[in-house]
Amino acid sequence: MEITLLFKIALVGILVTILNQVLKQSGREEQAFLVSLSGLILVLFWVIPYITELFDTVEELFQI
């Protein structure tokens, strides 16, 4: 796994947290939820290839 992926995930987490707090303070809870959801989806798109590779490795290991 690349270290840059971890930094990207951390950056998205920090940005989503800040935006979430700002939006909630201004009374826009729906938009805060959408920001959180979009951050989660973005990180999932980055992580899914690694999860697929992990399952392929486990499958090869146990020869299922």
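Which helix is the place of Val12? Val12 sits in helix H1, and that helix is a good way into this predicted model. The chain's secondary structure comes to two helices and zero strands, so to speak a short parts list. Here is how those parts fit together.

**Overall form**
- The C-alpha atoms fill a box of roughly 55 × 25 × 10 Å along the principal axes.
- The chain has a radius of gyration of 16 Å, while a compact globule of 64 residues would come in near 11 Å.
- Just 14% of the 64 residues count as buried.

**How the helices pack**
- H1 and H2 pack at an angle of about 170 degrees, and their axes are 8 Å apart.
- Because angles over 145 degrees count as roughly antiparallel, H1 is roughly antiparallel to H2.
- Sorted by class, the contact of H1 with H2 has 13 nonpolar, four polar and three charged residues.
- On the H1 side, the residues in this contact include Leu5, Lys8, Ile9, Leu19 and Lys24.
- Their counterparts in H2 include Glu29, Gln31, Val35, Val47 and Tyr50.

**The nonpolar core**
- Six residues make up the largest nonpolar core: Val12, Val16, Leu23, Ala32, Val35 and Val43.
- Helix H1 (3-25) and helix H2 (29-62) are the elements that give two or more residues to this core.
- As background, nonpolar side chains tend to be buried together in soluble globular proteins.

**Val12 and Val43**
- Val12 counts as buried because its relative accessibility is 14%, and the cut-off for buried is under 20%.
- Leaving aside neighbours within four places in sequence, Val12 is in contact with Gly39, Leu42, Val43 and Trp46.
- Val12 and Gly39 are 27 residues apart along the chain, yet their C-alpha atoms are separated by 6.5 Å.
- Val43 touches Ile9 and Val12, again not counting residues up to four places away in sequence.

**Asn20**
- Is Asn20 buried or exposed? Asn20 counts as buried, because its relative accessibility is 15% and the limit is under 20%.
- Asn20 has its place in helix H1.
- Its contacts, not counting residues up to four places away in sequence, are Ala32 and Ser36.
- One of those two, Ala32, is also listed in the largest nonpolar core.

Terms used. Residues are numbered from 1 along each chain as its sequence is written. This is a predicted model: local features need pLDDT of at least 70, side-chain atom pairs count only at pLDDT 80 or more; totals for chains, interfaces and linings use all residues. Side-chain values use heavy atoms; hydrogens and water are left out. A nonpolar core is a set of buried Ala, Val, Leu, Ile, Met, Phe, Trp, Tyr and Cys residues joined through side-chain atoms within 4.5 Å. Buried means under 20% relative accessible area, exposed over 50%, partly exposed in between (1.4 Å probe, protein chains only). Helices (H or I, at least four residues) and strands (E, at least two) are DSSP runs, numbered from the N terminus. Contact means heavy atoms within 4.5 Å. Axes are lines fitted to C-alpha atoms, for helices over the stretch in contact, and angles run from 0 to 180 degrees between N-to-C directions. Angles under 35 degrees count as roughly parallel, over 145 as roughly antiparallel, 65 to 115 as roughly perpendicular and the rest as oblique. Ala, Val, Leu, Ile, Met, Phe, Trp, Tyr, Cys and Pro count as nonpolar, Asp, Glu, Lys and Arg as charged, and the others, Gly among them, as polar. The radius of gyration is taken over C-alpha atoms; the globule rule is 2.2 Å times the number of residues to the power 0.38.
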